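Work through the exercises below with the sequence and the model in view. Each task is followed by its solution.

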Amino acid sequence: MSQTQHKLISGSVMRLRRKAPFYSVLAMHAEWRADPSIGTAATDGEMVAFNPEFFESLSPAHRDAVVAHEVTHIAMRHCGRCGARDPTRWNIAADVVTNGMVESMGLHLPPGCIRDKELQTLSVEEVYRRIEMPSANDKRKLGVREGHKHRDLLKGGPSKRGASSDSQGAARWRDAVRKALVVQRMHDQRAGTQSFNGLREIEGLLDPQVDWRTLLWRYVVQTPFD
């Protein structure tokens, strides 16, 4: 990563520290890589890769929102929660929720981002169940561009590092999320504001209660049936 790109990311971290410190803490824990093969930006659940040309073309406000978007995917473990679901449909559902959270914190997403104000406060699993792909009507409603193929949830990232490394990475990110939540609460108290909509779900992920639908899904995809 070049010095210029490093400065751009550092600039976003500093601005987010004032506006939405939850994201700034997570961004400081993430590993950032410049990768021209990435369409815009993407994450494997630990690392964030970005297309240098895309990233440098953004305004500071849009760059901040992209940084927040990617680290939210990490905080909410969207890569690992996909399981055997269709990855494109899951990515769209995750973007609906993530972009709703980012906007609720007063950040401004670049034009063309996937949005659905009716679904954005639901869990990603619920959004996944409600949207139908590849429905043309759903694509237009969500803002999915024609021919949309890019996914920013990458497969095979942490798993390539081995089970032990994967476990250490997950523990490191749980600690980072806890710290980010504490910092955000302190910011809210000083500013007299209320935390963003996704705070409760993120707290639930730190101490999860497994939904019966998730258990049933795991059983169905692992059990032979006709």
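**Exercise 1.** Leaving aside its neighbours within four places in sequence, with which residues is Ala176 in contact (heavy atoms within 4.5 Å)?

Solution. The model is predicted: local features need pLDDT of at least 70 and side-chain atom pairs pLDDT 80 or more, while totals for chains, interfaces and linings use all residues. Residues are numbered from 1 along each chain as its sequence is written, and side-chain values use heavy atoms, with hydrogens and water left out.

Step 1. Locate Ala176 in helix H9 (residues 163-191); helices are DSSP runs of H or I with at least four residues, and strands are runs of E with at least two, numbered from the N terminus.
Step 2. Its contacts are Val25, Leu26 and His29.
Step 3. Between Ala176 and His29 lie 6.9 Å, C-alpha to C-alpha, although they are 147 residues apart in sequence.

**Exercise 2.** Find which residues of strand E3 and strand E2 stand opposite each other, and describe the sheet.

Solution.
Step 1. The open sheet has three strands in the order E1-E3-E2, with mixed pairing; two strands pair if DSSP finds at least two bridges between them.
Step 2. Strand E1 (31-34) and strand E2 (41-43) are at the edges with a single partner strand each, so one side of each has no neighbour in the sheet.
Step 3. E2 and strand E3 (residues 47-50) run antiparallel and are joined by three bridges.
Step 4. Ala42 is opposite Ala49 in E3.

Methods
Contact = heavy atoms within 4.5 Å.
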